[in-house]
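Colleague: I'm new to reading protein models. Could you walk me through this one, question by question?

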Amino acid sequence: MPTVRQVIGTYPAEPRYLLAALQDIQAQYSYISVESMREVADYLGVPESRVFSVATFYQALSLVPQGKKVVKVCNGTACHLRGAPGLVDAIEKELGVKNGETTPDGIFTIQTVNCLGACAMAPVIMINERVYGKVTISRIPEIIEEERKDALRND
Ligand code: FES
């Protein structure tokens, strides 16, 4: 696994690369640690408080480790009206963790989000890059099982 300096060292040491550097760290380690933020601040010459505020502003960036599979459940208006709250409950039950948490095996993290841009397919969930539309509660176990197999296959 590359060091933080190796990950961000591809950028010139200029403050304007802050967001890009944090995105790369997120992609590499699945979260942004306090040590990573210090390293970014030092390398790009920006205050640690600014790094922290950017890292906490964007939903795509996380300060806690994420699972290999991030289950995003859309709770935007269209999805909400078509049963998203029931899907959140079903996924929480299936995985045994609450929204915002990661399973003990480190495979899944659940997140609710506001709109995934696929409202015509509501209710929608997205697991990493894969979009599932018109999801019903009865499909949840099968979707989770398939994604679990995929995560274990790619270990
Ligand atoms: S509201 Fe769910 S995809 Fe837009």
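Modeller: Sure, what follows is a run of questions and answers about this predicted model.

Colleague: Okay, the big picture to begin with: what pattern does the chain follow along the sequence?

Modeller: The chain has seven helices and four strands. Its C-alpha atoms fill a box of roughly 50 × 35 × 20 Å. Read along the sequence, the pattern is α-α-α-α-β-α-α-β-β-β-α.

Colleague: And what percentage of the residues of the chain count as buried?

Modeller: A residue counts as buried when its relative accessible area is under 20%. Of the 155 residues in this chain, the share that passes is 41%.

Colleague: Let's pick a helix. Which helices do the buried residues of H3 pack against?

Modeller: H3 covers residues 34–44, and its buried residues are Ser-36, Met-37, Val-40, Ala-41, Tyr-43 and Leu-44. Just after this helix, Gly-45 has a positive phi of about 70 degrees. As for partners, the buried residues of H3 pack against H1 (4–8), H2 (18–29) and H4 (48–57).

Colleague: Which helix gives the largest share of the largest nonpolar core?

Modeller: In soluble globular proteins, nonpolar side chains tend to be buried together. Here the largest nonpolar core has 20 residues, and those touching the most other members are Ile-8, Leu-18, Leu-22, Ile-25, Val-40, Leu-44 and Val-51. H1, H2, H3 and H4 each supply at least two residues of this core. The largest share is five residues, and the helix they come from is H3.

Colleague: How many residues are in the other core, the one with Val-71?

Modeller: That core lies apart from the largest one. Among its members are Val-71, Ala-90, Ile-125 and Val-135, and its size is 19 residues.

Colleague: Back to Ile-8. Leaving aside its neighbours within four places in sequence, which residues is Ile-8 in contact with?

Modeller: Contact here means heavy atoms within 4.5 Å. With those close neighbours in sequence set aside, the partners of Ile-8 are Ala-21, Ile-25, Glu-39, Val-40 and Tyr-43.

Colleague: Now helix pairs. Why is H2 oblique to H4?

Modeller: Two packed helices are described by the angle between their axes and the distance between the axes. The axes of H2 and H4 come within 10 Å, and Leu-18, Leu-19 and Leu-22 in H2 meet Arg-50, Val-51, Val-54 and Ala-55 in H4. An angle under 35 degrees would be roughly parallel, and one of 65 to 115 roughly perpendicular. H2 is oblique to H4 because their axes cross at roughly 60 degrees.

Colleague: What about H6 and H7: is their crossing left-handed or right-handed?

Modeller: H6 (residues 84–95) and H7 (residues 140–153) pack at about 50 degrees with their axes 10 Å apart, so they are oblique to each other. At the meeting place, Leu-87, Ala-90, Ile-91, Glu-94 and Leu-95 in H6 touch Ile-140, Pro-141, Ile-144 and Arg-148 in H7. The handedness of the crossing is right-handed.

Colleague: Last one, on aromatics: are the rings of Phe-57 and Tyr-58 stacked or edge-to-face?

Modeller: The count comes to two aromatic pairs when ring centres must lie within 6.5 Å. The rings of Phe-57 and Tyr-58 have centres 5.0 Å apart, with planes at 85 degrees. Phe-57 is exposed at 63% relative accessible area, while Tyr-58 is partly exposed at 36%. Planes over 60 degrees apart count as edge-to-face, so this pair is edge-to-face.

Key:
Residues numbered from 1 in each chain as written. Predicted model: local features only at pLDDT ≥ 70, side-chain atom pairs only at ≥ 80, totals over all residues. Heavy atoms only, no water. Phe/Tyr/Trp six-rings, centres within 6.5 Å; stacked < 30°, edge-to-face > 60°. Buried < 20%, exposed > 50% of the residue type's maximum accessible area, 1.4 Å probe, protein only. Core = buried A, V, L, I, M, F, W, Y, C linked by side-chain atoms within 4.5 Å. Axes fitted to C-alpha atoms, helices over the stretch in contact; angles between N-to-C directions. Parallel < 35°, antiparallel > 145°, perpendicular 65-115°, else oblique. Left-handed = near helix turned anticlockwise from the far one by under 90°.
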